Amino acid sequence: MPASPLSILIAPDPRLKTRARPVRPEDGAEIAVLVPRMFEAMYAAPGIGLAAPQIGVGLRLCVIDLQPDDTPAPVVLINPSIVAASAEMATREEGCLSLPNQYADVTRPARVTVRFGDLAGKTREITTDGLLAACLQHEIDHLDGILFIDHLSPLKRNMILRRLAKEQRQKAAG
Ligand code: K1U
Ligand code: ZN
């Protein structure tokens with residue numbers, strides 16, 4: 001029987017605020033099943049990234065696909081970490097599949113180098129800027145229990161959380 005689609009946790013679910021643990025070699029079988037389902041959930045949402053804690057799995061694992069020119073470019077990142085970040089900062093609008101319909105300008109290092117393991121167990125590095133740099137930092141934040149709203153003032157953060165709660169109540173009421 002086909003597995004049901006993964007559902008994405010919505011803030012303020014406490015699992016989104018929990019630091020995920022590193023993936024270990026013995027997690028390989030679970031990850032092999034999880035990764036295609038994470039891509040499926042991410043494309044269906046639709047989104048350009050998804051971290052395991054967003055589907056209630058406390059592992060340091062995320063998937064990204066910016067689909068430049070509508071061409072699939074899937075990347076799996078196992079135990080990703082930022083090994084270098086520019087002093088220069090960049091501000092861009094971010095969204096989050098765990099905060100549907102909520103957007104805000106977030107300021108982060110403009111350029112980062114991220115080291116991670118791939119599905120074959122090889123260590124890789126990406127140095128990038130622009131949307132991919134923001135997305136990588138956003139997904140690694142999820143692994144540390146940090147949401148994009150945590151980069152905003154308490155006033156803006158609470159405004160977004162209140163608006164989200166209201167929209168979720170209205171959605172539940174049909
Ligand atoms: O982790 C997530 O919640 C996914 C999030 C990633 C992200 C978006 C923007 C800046 C940084 C990180 C999303 O994918 S939100 C949806 C989104 O941005 C999008 C959806 C469809 C097409 C293009 C973008
Ligand atoms: Zn997110």
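**A ring pair, a zinc site and some salt bridges**

Y43 is partly exposed in this predicted model, with a relative accessible area of 33%. That puts Y43 between the 20% below which a residue counts as buried and the 50% above which a residue counts as exposed. What does Y43 pair with? The structure holds 1 aromatic pair, and its members are F39 and Y43. The two rings are stacked, with 5.9 Å from centre to centre and 20° between the planes. The angle earns the label because planes under 30 degrees apart count as stacked. F39 and Y43 both belong to helix α1, which covers residues 28–44. They sit 4 residues apart there, so about one helical turn separates them. F39, unlike Y43, counts as buried, because its relative accessibility is 10%, under the 20% cut-off.

Next comes the metal. Three residues of the protein act as donors to the zinc ion (ligand 2): C96 through SG, and H138 and H142 each through NE2. These donors lie 2.0 to 2.3 Å from the zinc. Along the sequence, the donor residues follow the spacing C-x41-H-x3-H. C96 and H142 come from distant parts of the chain, 46 residues apart. C96 sits in the loop between β4 (89–94) and β5 (104–109), whereas H142 is part of helix α2, residues 130–143. Both C96 and H142 are buried.

Two of the zinc donors turn up again around ligand 1. An N or O atom in the side chain of H138 is 3.3 Å from an oxygen atom of ligand 1, and a polar side-chain atom of H142 lies 3.4 Å from an oxygen atom of this ligand. How much of ligand 1 does the protein cover? On its own, ligand 1 has 540 Å² of accessible area, and the protein covers 78% of that. In total, 13 residues surround ligand 1, and the closest are I48, G49, Q54, L97 and E139. L97 uses its backbone: a polar backbone atom of L97 is 2.8 Å from an oxygen atom of ligand 1.

That leaves the charged side chains. Side chains of opposite charge can pair when their charged atoms come close. The count here comes to 11 salt bridges. One of them joins R15 and D13, whose closest N and O atoms are 2.8 Å apart. Is each partner buried or exposed, or something in between? R15 counts as partly exposed at 44% relative accessibility, whereas D13, at 16%, counts as buried.

Another salt bridge runs between K17 and D150, with 2.6 Å between the closest N and O atoms. K17 lies in the segment before α1 and D150 in the loop between α2 and α3 (154–173), so this bridge ties together parts that are 133 residues apart in sequence. K17 is partly exposed at 44% relative accessibility, and D150 is partly exposed too, with a relative accessible area of 29%.

D144 and R19 make a further salt bridge, their closest N and O atoms being 2.4 Å apart. Here D144 is in the loop between α2 and α3 and R19 is in the segment before α1, so parts 125 residues apart in sequence are tied together. D144 counts as partly exposed at 25% relative accessibility, while R19 is exposed, with a relative accessible area of 58%. Salt bridges that share partners join R19, D144 and R60 into one network.

Note on methods:
Residues are numbered from 1 along each chain as its sequence is written. Chains are lettered from A and ligands numbered from 1 in the order in which they are written. This is a predicted model: local features need pLDDT of at least 70, side-chain atom pairs count only at pLDDT 80 or more; totals for chains, interfaces and linings use all residues. Side-chain values use heavy atoms; hydrogens and water are left out. Donors are N, O and S atoms within 2.8 Å of the metal (3.2 Å for Na, K and Ca); water is not among the atoms, so sites may look incomplete. Helices (H or I, at least four residues) and strands (E, at least two) are DSSP runs, numbered from the N terminus. Buried means under 20% relative accessible area, exposed over 50%, partly exposed in between (1.4 Å probe, protein chains only). Rings of Phe, Tyr and Trp (its six-membered ring) pair if their centres lie within 6.5 Å; planes under 30 degrees apart count as stacked, over 60 as edge-to-face and the rest as tilted. A salt bridge is a side-chain nitrogen of Lys or Arg within 4 Å of a carboxyl oxygen of Asp or Glu. A residue is near a molecule or strand if one of its heavy atoms lies within 4 Å of it. A polar contact is a pair of N or O atoms within 3.5 Å; within protein, one must be able to donate a hydrogen and the other to accept it, and residues adjacent in sequence count only if both atoms are side-chain atoms. Accessible areas come from the Shrake-Rupley method with a 1.4 Å probe; for residues, only the protein chains shown count as cover.
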